[in-house]
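Subject: Handover of a structure and the findings from it

Dear colleague,

Please find below the structure that I am handing over to you. My findings follow it.

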Amino acid sequence: MHKLIKELRRREVFRTAGLYVGVAWIAVEVASVIFDAFDAPGWALQAVIILAIIGLPVTIVLAWIFDISEKGIEVQADATDTMVIPFGGRRMDFVVIGVLTVALIFSVYLNIASKVETVDAPLEPLSILIADFDNQTGDPLFEGSLEQALQIGLEGAPFVSSYERGMAKQVAQELQSTDKLDAGTAQLVATREGIKLVLAGSIVPDGSKFDLAVNAIAPRSGEVVAEVDVTAGNKLEVLSAMGELAADLREELGDKSVNRDELEITETFTAMSLGAARQYDAAQQLQYQAKFEEAIDHYRKAIEEDPGFGRAYSGWAVSARSLGRVEEATEAMEQAMANLGTMTERERLRTQGIYYWGVTRNFQKAI
């Protein structure tokens with residue numbers, strides 16, 4: 001064993017292997033930067049790494065067989081011969097150590113730089129207004145329910161804030177004498193209120209399937225800045241398809257935190273029917289018109305459709321308190337707190353804030 005190691009040293013195998021590893025290491029790191037800059041396919045970098053790995057034993061074999069001498073590259077002599085190697089000795093050791101050091105520094109720098117680059121800057125706050133969906137199915141169940149589903153799906157994006165549709169319809173009444181919020185009217189409202197984007201959606205029947213699409217429109221110019229579409233296999237799949245639509249739209253708007261395995265809308269609408277969503281939307285519109293008694297009737301109908309609909313209990317509580325019916329509001333809010341699991345994180349925090357403010361009077365916790 002001692003003789004083998006001595007012979008490996010004499011034939012410069014260790015130095016050659018070290019030098020090769022350093023150069024290959026630098027080559028792989030450089031390739032990763034270049035390939036990324038030119039959007040090269042993933043297999044290209046893998047090919048470079050594989051070639052670098054294959055090249056190591058080849059280099060070791062060549063170092064064993066050949067040598068660089070005064071006469072050029074020639075077959076290694078036996079141990080009794082004296083070969084003159086221009087870069088042998090301590091100088092060659094320094095070269096190998098230098099190359100490995102450069103490779104290590106280069107690799108550490110690239111890794112740190114890549115980590116800094118992957119820390120995404122927080123996105124600018126984005127206000128949106130969801131227009132009435134263009135319902136081409138003729139089915140009244142899709143009136144109001146899809147807008148609520150889309151809003152809930154978008155609530156998972158912390159930089160997105162949705163302008164309340166009830167308030168928008170009041171502005172539309174002032175501007176156009178209509179309570180309809182089609183794409184054109186929504187653009188007028190958004191322009192007046194300083195809202196950055198209008199989301200105009202549609203649902204179109206296709207046999208037993210439904211095609212759903214949403215365009216994000218800049219209200220002043222009318223430019224479509226993002227567009228997404230999905231297909232639901234049947235009516236029962238429409239709400240889950242809305243979850244996919246919301247996730248696609250969030251990604252189009254720059255959200256990189258979308259976890260499709262944990263879509264907020266899936267959790268919220270697990271047991272919720274289209275009918276419940278529609279009743280909830282109607283209640284919200286009435287609540288913003290200060291028609292609290294009528295709003296409560298629709299909240300109750302939403303809860304009849306889905307007894308675990310926490311958002312409906314919360315809305316009921318707010319309307320009841322506005323009518324001065326504190327006991328009824330407290331009971332509804334207790335039910336809302338019992339159904340926090342059916343809410344998105346944003347709605348959950350809102351509900352808890354209202355509960356601690358209006359029921360327990362724990363103002364610090366409410367804040």
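S177 is exposed, because its relative accessibility of 60% is over the 50% cut-off. Please note that this is a predicted model. S177 belongs to the loop that runs between α6 (165-176) and α7 (183-193). Its phi is near 55 degrees, a positive value in a residue that is not glycine. Most residues other than glycine have a negative phi.

R361 also has a positive phi, of about 60 degrees, and is likewise not a glycine. This residue sits in the loop between α14 (345-358) and α15 (363-366). With a relative accessible area of 43%, R361 is partly exposed.

Turning to the interior, the largest nonpolar core contains 32 residues. Those with the most contacts inside this core are L146, L150, L199, L212, V238, M242 and L249. Two or more residues each are given to the core by β3 (126-130), α5 (145-154), β6 (197-206), β7 (209-217), β8 (224-232) and α8 (238-252). Helix α8 provides the largest share, with seven residues. In soluble globular proteins, nonpolar side chains tend to be buried together.

V238 may serve as an example of the packing. Leaving aside residues up to four places away in sequence, V238 touches F142, L146, I203, F210, L212 and A232. There is also a second, separate core of 24 residues, which includes F309, W316, A317 and M343.

The remaining findings concern charged side chains. In the whole structure, 16 salt bridges are found, and the following are described individually.

One of these salt bridges joins the side chains of K169 and D132, with an N to O distance of 3.8 Å. K169 is in helix α6, whereas D132 is in the loop between β3 and β4 (134-135), and the two are 37 residues apart. Both K169 and D132 are buried.

A further salt bridge is formed by E155 and R311, whose closest N and O atoms are 3.4 Å apart. E155 lies in the loop between α5 and β5 (160-162) and R311 in helix α12 (residues 310-322), so this pair ties together parts of the chain that are 156 residues apart in sequence. E155 counts as buried at 8% relative accessibility, and R311 is buried with a relative accessible area of 2%.

Are the partners of the next pair, R192 and E174, buried or exposed? R192 is partly exposed, with a relative accessible area of 46%, while E174 is exposed, with a relative accessible area of 56%. These two residues form a salt bridge in which the closest N and O atoms are 3.1 Å apart. R192 is in helix α7 and E174 is in helix α6, and the pair links parts of the chain that are 18 residues apart.

Finally, E293, D297, R300, R325 and E328 are linked with one another in a network of salt bridges.

In viewing the model, you may wish to begin with the loop that holds S177, between α6 and α7. The salt bridge between R192 and E174 links these two helices, and K169 of the buried K169 and D132 pair is also in α6.

Yours sincerely

Note on methods
Residues are numbered from 1 along each chain as its sequence is written. This is a predicted model: local features need pLDDT of at least 70, side-chain atom pairs count only at pLDDT 80 or more; totals for chains, interfaces and linings use all residues. Side-chain values use heavy atoms; hydrogens and water are left out. Helices (H or I, at least four residues) and strands (E, at least two) are DSSP runs, numbered from the N terminus. Buried means under 20% relative accessible area, exposed over 50%, partly exposed in between (1.4 Å probe, protein chains only). A nonpolar core is a set of buried Ala, Val, Leu, Ile, Met, Phe, Trp, Tyr and Cys residues joined through side-chain atoms within 4.5 Å. Contact means heavy atoms within 4.5 Å. A salt bridge is a side-chain nitrogen of Lys or Arg within 4 Å of a carboxyl oxygen of Asp or Glu.
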